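Trainee: I would like to go through this model, starting with its internal spaces and then turning to its sheet.

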Amino acid sequence: MSTFPINTIVVLVQENRSFDHMLGWMKTLNPEINGVTGTELNHISANDPTSSKIFFGDKSEHVDPDPGHSIQDIYEQIFGMQWEASTASKDNVPEMKGFAQNAERLTKGMSSTVMNGFQPDSVPIYKELVSEFAVFDRWFASVPASTQPNRLFVHSATSHGAERNDRNKLIAGFPQKTIFESLDEAGLSFGIYYQNPPATLFYRNLRKLKYVGKFHPFDLDFKKHCENGTLPNYTVIEQRFFDLKLFPGNDDHPSHDVGEGQKLIKHVYETLRASPQWEKMLFIITYDEHGGFYDHVPTPTGVPSPDGLVGPDPYKFQFDRLGVRVPTMMISPWIERGTVVHGPSGPYPTSEFEHSSIPATIKKIFNLKEFLTKRDAWAGTFESVLSRNTPRNDCPVTLSDPQKIRPREAEENVKLSEFQEELVQMAATLNGDCYKHTYPDKLVENMTCAEGCKYVQDAFEKFRENCENAKKNGADDSEIVIPFGHQSQESTEKRSFANKMGSCFACSIS
């Protein structure tokens, strides 16, 4: 049994923004926050002190195009030099001086974009939450890399050796154990509330029949479950990753409108605040990675590898460094107003807050049996933020109304982003299109954002339908349903059990 006052933890992971970019200017409201003053700078040529200086400003607005945030871009941003095998093996010092250089090298004029942050009034929901609850000013991405490796760390404390968006692994599904399974083994509940088909299906084990019912459409179920007091112990909210005119992306990934992300967080907060579960709840907001935007705090080194796996050539990343600092806030009636959390107090002298801190703290709060990897065993835990003896009764019931930041409507007929392509290709493994000759690359080659969104929605519904059919036909709940309708006749005939299933094959992965 938990001795903590919390029995419901809600997690929302936004996309691709650094701490200084989103929250750095909150220092003007609370000097205790390790934010920015306007004296921070990068030289346009990182190692030439005579080159032009770009000071960090407060003029951030809508961002398009997206800054660089691949593992090699981030290396340049942190160390001020482009990645080379001969220099990467040295003990380079992370001086955070290459953001302007990298941005300008990729896109002329981009240095000004990455060297600016939002004024507090431009992100009014965050302004209120930082004032009313807790901000963490030393929380880092788990990997100095792009979206998926970091999202994988959030729920499993490892990316299973991925230091970039490894398309083949993402499509097949990553095999590592997650915090979801640890909770399930302990008899605790979890649920994933999705707006587009869930990216958590990149974890292969979550495709098992026994977990299909854990996925809930956000618009239909989230408010209802909050009102009924039936939110699971661990609740994950997934955003709209596709940017449509009627349903704009609200994940904060450039070029999506940050105003839409503010609206989402306002809606989630107010719905949680009205729930009978509120007094036993902790709401966590963080970002997967920094997206190429400047941050002044050096990234930690000497970090333990979660599982000894090494990234592929040419970078062969050892998972011994963290990524750039990202915005993180925590909301609960057990948190004092205006709390600022710096580094953790353990469990080791070198421990830091990073995404693995989430499963590490869940383990502690719910008294789970074991850590997932060496990384969550090392990561700082944040249960001390729940510092009150009694819950507050003055938490705001509603938040202000955020304004649109993007000056135009969504361009839904543009080509898919890399992440959106991966979602489509993963969806093709759920509906059987992975057996077509167009898979994987031709499937997404000319697909627009609107077409991709419809494709993944239809594919996920087909997957759910196939899973229900498999259950009715007696499939074991530890199996994963794999459609085979597009395989060759010879391959299909070999699957006698699949023939009995009607439209899918349930395979064991134990």
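**Cavities and sheet**

Mentor: This is a predicted model. About 50 Å³ of space lies in its second largest cavity.

Trainee: Which helix gives the most to the lining of the second largest cavity?

Mentor: The lining of this cavity consists of Asn196, Pro197, Pro198, Phe242, Leu423, Met426, Ala427 and Val456. One helix, spanning residues 418-431, supplies three residues of that lining. The helix that gives the most is H14.

Trainee: How many residues of that lining are nonpolar, how many polar and how many charged?

Mentor: The residues to be sorted include Asn196, Phe242 and Leu423. For the second largest cavity, the division is seven nonpolar, one polar and no charged.

Trainee: How much space lies in the largest cavity?

Mentor: The structure holds two cavities of 30 Å³ or more. The second largest has about 50 Å³. For the largest cavity, the value is about 160 Å³.

Trainee: Which residues lining the largest cavity are the closest to its centre?

Mentor: The lining of the largest cavity has 14 residues. By class, eight of them are nonpolar, four polar and two charged. The closest to the centre are Arg151, His155, Ala199, Thr200 and Tyr203.

Trainee: Which element gives the most to the lining of the largest cavity?

Mentor: Helix H7 (147-156) and strand E8 each supply at least two residues of this lining. One of these elements contributes five residues, the most of any. That element is H7.

Trainee: Where does E8 sit in the strand order of the open sheet?

Mentor: The open sheet is formed by eight strands with mixed pairing. Their order is E7-E6-E8-E1-E9-E10-E4-E11. Neighbouring strands are turned by 20° against each other on average, direction ignored. In that order, E8 sits between E6 and E1.

Trainee: Which are the edge strands?

Mentor: An edge strand of this sheet pairs on one side only. The two ends of the strand order are E7 and E11. The edge strands are therefore E7 (215-217) and E11 (339-341).

Trainee: What is the bridge partner of Tyr193 in E7?

Mentor: Strands of a sheet pair through backbone hydrogen bonds, either parallel or antiparallel. E6 (residues 190-194) and E7 pair in the parallel sense over three bridges. In E7, the partner of Tyr193 is His216.

Trainee: At what angle does helix H10 run to E7?

Mentor: Helix H10 covers residues 218-228. H10 lies across E6, E7 and E8 (234-237). Its angle to E7 is about 100°.

Notes: Residues are numbered from 1 along each chain as its sequence is written. This is a predicted model: local features need pLDDT of at least 70, side-chain atom pairs count only at pLDDT 80 or more; totals for chains, interfaces and linings use all residues. Side-chain values use heavy atoms; hydrogens and water are left out. Helices (H or I, at least four residues) and strands (E, at least two) are DSSP runs, numbered from the N terminus. Axes are lines fitted to C-alpha atoms, for helices over the stretch in contact, and angles run from 0 to 180 degrees between N-to-C directions. Contact means heavy atoms within 4.5 Å. On a 1 Å grid over the protein atoms alone, a cavity is a set of points where a 1.4 Å probe fits but cannot get out, and a pocket is an open set with protein on both sides within 12 Å along at least five of seven lines; lining residues have an atom within 4 Å of a point. Grid points are joined across faces, edges and corners, and a volume is the space filled by probe spheres set on the points. Ala, Val, Leu, Ile, Met, Phe, Trp, Tyr, Cys and Pro count as nonpolar, Asp, Glu, Lys and Arg as charged, and the others, Gly among them, as polar.
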